[in-house]
Structure formats: structure tokens, C-alpha cells
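Biologist: Before we talk about single residues, could you show me what we are looking at and explain the words you use as we go?

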Amino acid sequence: MNAVTRTETRAIHPATLEVADPTKNLILVPLSQLRPSKRNVRKTNRRLSIPELAASIQRVGLLQNLIVSQSEDGEHYEVEAGDRRLAALKLLAKKKRIASDHDVPCLLVADSSARTVSLTENVQREAMHPADQFEAFAALVAEGRPIEDIAADFSVSPLVVQRRLKLANVSPRLMADYRAGAVTLEQLMALAITDDHAAQEAAFYGAPQWQRSPSALREHLTEREIDAQHPLVRFVGLDAYATAGGGTRRDLFAEDDSGVYLDDVALLERLAREKLATLAEDVHAEGWAWVEAVPHLSHADRQAFQNAPRQRREPNAREARRIASLQDRLDKTDAMLEDAYESEDEDEDKVESLEQRREQVATELQAMHNVLQEYAPDVCAVAGAIVTIDRDGEAAIHRGLLREAEAKALRTLEKLRQGFTGTEGATDDEGEDAEPPKVANLSDRLAQRLSSHRTAALQIEVARHPQVALAALVHGMVQRVLQDGYAMALPIGISVRPQNRLDTYAPDWPESPAAIALRELQQAWGERLPEDSAELLSALLAMEQSELVQLLAVCVAASVDVVTPRAAQAAPGAELAQAVELDMAAWWKPTAEGYFNHVSKAVTLDAVQQFAPSHVTRLAKLKKADIASEAERLAQGSDWMPAMFAAESRAAQEDMQEAVPQDEATIEAEEVADTLAA
């Protein structure tokens with residue numbers, strides 16, 4: 001009854017640290033009597049490595065004993081160090097690979113020393129240097145051990161063993177510097193792409209410090225070879241190249257085909273030309289006058305040719321129905337996207353789905369328009385095609401190409417034809433560089449909104465340029481009266497229909513700087529003129545001609561209409577905009593409400609990339625509304641404009657740089673202001 005327990009004894013007598021003595025305390029303990037200890041200092045185990053450790057123990061045995069202490073019940077032993085080894089042994093027993101009472105070598109330590117021993121076993125150890133590991137693997141292979149067996153022994157893949165053997169074969173000088181820390185492992189991996197020690201050392205020691213990055217070293221050692229990612233290789237194909245006897249070598253440290261290098265460039269070029277020649281035969285069968293096959297076609301090479309004119313044929317009934325159906329689907333998707341962009345509770349998944357749907361429909365619609373573009377037989381009789389390889393390694397066919405002599409002959413033929421048919425002077429809507437209508441990335445509603453602001457800007461600019469307004473008005477009258485009713489080229493309504501309902505397309509139009517400026521100009525003139533028709537005519541007859549022209553400009557300006565119904569259409573009124581040197585940057589600024597809320601996140605981020613690239617990464621993590629707000633803030637002070645405005649704004653800036661400080665347009669505008677103020 002008065003017996004003292006082991007726990008009470010430890011409380012009475014402070015624990016003393018006892019030295020573990022393998023010569024005295026190394027014992028064999030049945031696996032069934034071993035269990036984890038709560039005093040084991042390693043609390044976080046990497047259980048994913050247990051199967052690999054079990055496989056290693058099964059192959060080579062348990063190389064390191066466990067450290068145990070006797071439990072209070074006197075029947076079990078608690079594992080103070082070696083918990084992973086214990087788990088691996090129990091896994092082997094569970095799989096019937098060893099007996100459940102398999103004898104396990106253990107070092108018995110005193111209970112008072114258990115925690116200290118556990119901590120020491122985990123802390124006081126140092127991993128071997130990687131270079132030692134590389135050389136050890138090489139020594140195993142030198143002894144005749146198969147790579148597969150070595151991989152199984154250490155629970156790694158054969159590729160890992162091959163990589164370590166490759167590193168072991170690096171120049172001794174480089175390996176010594178690696179041990180000393182003067183060469184990094186990444187640099188060593190790059191240099192291991194060749195087994196030539198002299199080449200390795202020349203690449204590293206012959207380059208300045210700033211050219212010793214792994215990529216620079218790898219490029220230096222493979223400069224006479226072609227990477228498998230090269231367009232030429234993608235076009236020919238690795239299998240076709242190898243079948244033809246081409247040699248390759250692989251960078252064992254690359255994860256994909258980017259680590260494969262082809263050393264027979266001449267063979268690769270020949271195979272590419274042969275494949276291109278086969279494609280060229282099929283293209284020649286289309287009826288072209290000439291076809292050339294070249295592996296490389298630079299931008300300058302392509303610019304040496306002119307584009308032959310194409311004609312848009314009318315779609316047949318089936319094609320017309322398909323185009324109408326696709327356009328209707330595109331319109332509905334644009335409307336849904338616009339609503340989704342403007343929604344306060346934006347559903348990003350819904351927006352992404354709609355954007356993907358729009359892209360698919362737009363691609364199909366573009367393909368339908370492309371089908372309708374054809375070359376006339378007489379064009380094919382002189383034009384040709386080039387078959388080449390694009391940057392993605394795909395065959396690219398450039399049809400309808402004209403050399404200078406061929407283009408001249410085609411123009412002469414067209415003039416002769418016009419002379420016989422009496423259509424000389426008529427213009428070809430397609431032109432030499434005609435392309436099928438492009439399906440725009442922005443919605444029709446946004447195109448209408450932006451073009452409404454462009455209309456407002458053109459109106460005030462025309463009002464400020466009386467000479468341009470008079471010329472535009474006479475231009476239309478000459479075409480209607482003297483040119484047999486030929487269609488007007490400038491967007492001026494002869495009946496002077498004021499385009500003053502632009503808020504239908506752009507709700508923010510009334511408060512735009514251009515709209516306010518035109519209203520003020522119209523109001524100033526309106527207050528000076530009588531409302532009675534007879535009195536008005538008398539007042540107009542009494543005006544000086546210059547003053548009358550200024551009034552004419554204000555009235556003509558109100559009729560300007562360049563609203564674009566479809567985003568895919570080219571913006572009208574380019575000639576008029578050029579005449580008044582329209583600069584949209586003076587009349588419109590990119591805002592969240594006016595632009596960024598109505599386009600996708602991708603389009604907004606692409607815009608930010610142009611005027612504030614350092615903020616793109618940060619903005620990409622925000623919600624759509626926050627991105628639009630930040631884009632508006634960052635765009636302030638920049639000269640960024642949407643594609644619909646950008647060309648005119650750049651042209652205006654260039655003209656401003658070339659113009660004298662006081663040009664004629666400025667003088668005219670000041671004269672108008674002085675007249676109204678009088």
C-alpha cells in the first residue's frame with residue numbers, strides 16, 4: 001500500500017541526463033510492442049513519404065535503429081526518435097511484407113533523457129552536400145548498379161537518378177567552385193547540357209558575371225542548334241525529323257520539349273521546304289499565276305507585295321440566313337453583356353460566359369464574311385501566293401499578292417474596262433487592300449455611344465471652321481446637282497436635319513464639353529437673329545459675307561452625323577475629321593461611366609497596360625467596378641484613347657507639332673468669337 005510509483009519517484013528525485021550507450025543498450029524489440037511517444041519532438045510528419053521509405057526499407061533494410069524508452073506499463077516501448085521509420089515498418093506489416101512481431105533494432109534510453117535525445121536526434125544532423133550525393137550516385141553506377149535499381153532503392157524516379165549522374169559529370173573545376181559556393185545549382189544544371197568539360201568552362205569562365213545566368217549559359221552552349229519549340233521544328237515535326245536521321249539531344253532538366261535540341265539544321269530546312277512544296281502544289285491548283293514556298297517570310301518581305309483587289313459577292317439564301325442569325329445572336333449577346341457590365345452586383349462567372357459566347361459567335365460571323373470575299377479570274381491570272389510558316393509553326397498562305405509590274409498591268413486592265421463601260425471615275429469600295437468587315441470587340445451600343453461623342457466633337461469643330469463647312473455643303477450639292485445624283489461622301493445632311501438627340505445613344509452627351517460649346521454658340525447666334533421669316537431674310541441679306549459664312553458653319557455643324565450603328569463598321573467622316581483637324585482628346589476623356597464600365601475586364605486591363613503598366617497586376621485582382629474606377633483615375637493626364645479615337649488624336653497631335661503657333665483655324669475661331677461678342 002505504501003509503494004511509490006515511477007511517476008512519484010520522478011517527482012521526488014529530479015531527472016538526470018543519462019548518456020545513451022549503444023554498446024550496452026542496443027536491443028531488439030518486436031514491432032508489435034513499439035508505439036509512438038508523446039515526447040517525440042517532431043510533431044509534423046511528411047506522411048506522403050512513408051510509402052517510399054517503406055519501399056526503401058524493404059529493399060535495403062532498416063539502416064538506422066529507433067530510439068526508445070520503456071513505457072510505464074512495462075510491456076511496450078515508446079519511440080522517442082524514428083516515428084517515420086516506425087510508420088514505414090507498420091505499413092510493411094500491414095501489407096504482409098514483414099511479420100507483425102518483426103524484431104526491430106532499438107537503442108534504449110532512460111526515461112529522463114527521452115525528450116532531450118529526441119530533440120538531439122532531429123536537430124544535430126546535417127544533410128550531405130548535393131555534390132557528394134551526385135558523386136555517390138555515379139559511384140553506384142560505376143559499381144554496376146542499374147539506374148532503375150538505384151531509383152527504387154532511394155524511392156525516386158529514374159529521371160532523377162539520370163539528372164544527378166549528369167551533374168556528377170560536370171567539369172571538376174566547376175564542381176569545386178560549386179562546393180565553394182561560387183557556382184549555383186541552377187548554373188550547374190544549365191552547363192550540364194553538354195558533357196564537354198572545355199565547353200562548360202569556356203561558357204562559364206569566359207563570360208562576364210552578368211552573362212552567367214542559367215538561360216544565358218544554356219543559349220551559349222546551344223547557339224548552333226535549334227530548340228524543339230522553334231516554328232520550323234513544330235512545322236516539320238520531331239518524329240519526321242528523327243525518321244529522316246536527324247540527331248537530337250535533351251536537356252534532362254527541362255520539363256517539356258523545350259529541352260530538346262536538334263543539331264542538323266540543314267536537314268530540318270530541307271524537310272520544311274519539301275513539306276511546303278507539297279502544300280504549294282495544292283495552292284497552285286487554285287488557279288494562281290505563281291506560287292512560292294519559303295520557310296521564312298519577314299514583315300519587310302511581305303511589304304514588297306501589293307494586295308490584289310477582292311470583290312464581295314452577294315451571299316446565297318443559306319449564307320444570308322446564317323449571317324442574319326449570327327448577327328442577331330451577336331446583338332443579343334452584346335446587349336446582355338452591356339447589362340452585365342453595368343450591373344451593380346456583377347456576376348463575374350456570367351460575364352466570362354457571355355464573353356466566351358460572344359467571341360465564338362463573332363468568330364463564326366467573321367468566317368462567314370471572309371467566305372464572301374473572292375478574287376476575280378483575271379486577278380488570279382496575274383496574282384500569286386506565298387506558302388510559308390508562321391510563328392506558331394503552322395502553314396501560312398498569303399494569297400492575292402502582286403509584284404509591282406503585275407499591279408501596274410492590273411490597273412491598266414481596269415482603266416481599259418472602265419473606258420469601254422463608261423464607268424471611269426467610279427470608285428471600288430473594296431480597293432487593293434480590301435478586307436472583309438471586321439467583327440469588333442466592343443459592342444454596338446458602346447460603338448454608338450463613342451461615335452455620338454465623336455459626332456458632337458465634329459459638330460463644334462465644323463462650326464469653328466466656316467471654310468470647311470462651306471466646302472462640305474457645296475461638296476454635297478455638287479454631287480447631288482452636277483454629278484447625276486452620285487451618293488454623298490461627306491456626312492452632311494443637305495436638308496439640315498439637326499442631330500440633337502445624341503443622348504439616345506450616349507446619355508452623357510448633353511453634358512459633354514463639345515455639346516455645351518455648340519449649344520452656347522447656337523444660343524449666341526439665336527439671340528441676335530429675328531424669329532420672323534421675312535425679318536430673318538432681311539437680316540441675313542444685310543450681313544457681311546464672312547459673317548454669313550460663319551452662321552452657315554454653325555447651321556451645317558448641327559447636321560453632322562457620324563454615329564456608327566455597328567461596331568464592325570469603319571467610323572464615317574474621316575475626311576471631314578481630317579479637314580477640321582479633329583482631336584478627340586480635346587473633347588472626350590476616358591471615364592468609368594463613359595467607357596470602362598461598358599467593356600470587359602480584359603479590355604480595361606489591356607488599356608491600363610498602355611497608360612499605367614505598373615498597375616496592371618494590382619488591378620487584375622480587383623472586381624470589375626473597382627478596376628473601371630481605378631482605370632479612370634490612372635488615365636487622367638494620359639493621352640490614351642480608344643481605338644475609335646486614337647488615330648485621329650495622334651494625327652492631330654502631329655499636326656500641332658508641325659503647325660505654327662497661330663494657324664488659320666485658330667484665327668478663324670477667334671474671329672467668330674469676336675463677332676459674336678460685338
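Modeller: Let me begin with a term: a polar contact is a pair of N or O atoms within 3.5 Å, where, within protein, one must be able to donate a hydrogen and the other to accept it, and residues adjacent in sequence count only if both atoms are side-chain atoms. This is a predicted model, in which local features need pLDDT of at least 70 and side-chain atom pairs count only at pLDDT 80 or more, while totals for chains, interfaces and linings use all residues. Residues are numbered from 1 along each chain as its sequence is written, and side-chain values use heavy atoms, with hydrogens and water left out.

Biologist: What makes the pair of Glu593 and His598 a polar contact?

Modeller: The backbone oxygen of Glu593 lies 2.6 Å from a polar atom of the side chain of His598, and this distance is within the 3.5 Å limit, so the pair counts as a polar contact.

Biologist: Why is His598 called buried?

Modeller: Buried means under 20% relative accessible area, exposed over 50%, and partly exposed in between, with a 1.4 Å probe and protein chains only. His598 has a relative accessible area of 3%, and is therefore buried.

Biologist: Why is Asp339 called partly exposed?

Modeller: Its relative accessibility is 47%, which lies in the range between the two cut-offs, so Asp339 counts as partly exposed. The C-alpha atoms of Asp339 and His598 are separated by 8.6 Å, although these residues are 259 apart along the chain.

Biologist: And how do you know that Lys96 is exposed?

Modeller: Lys96 has a relative accessible area of 73%, which is over 50%, so the word exposed applies.

Biologist: What makes α27 and α29 roughly parallel?

Modeller: Helices are DSSP runs of H or I with at least four residues, numbered from the N terminus. The axes, which are lines fitted to C-alpha atoms over the stretch in contact, give angles from 0 to 180 degrees between N-to-C directions. Angles under 35 degrees count as roughly parallel, over 145 as roughly antiparallel, 65 to 115 as roughly perpendicular and the rest as oblique. The axes of α27 and α29 cross at roughly 25 degrees, and the two helices are therefore roughly parallel to each other.

Biologist: Why, then, are α23 and α25 called oblique?

Modeller: They pack at an angle of about 130 degrees, with their axes 10 Å apart, and since this angle belongs to none of the other three classes, α23 and α25 are therefore oblique to each other.
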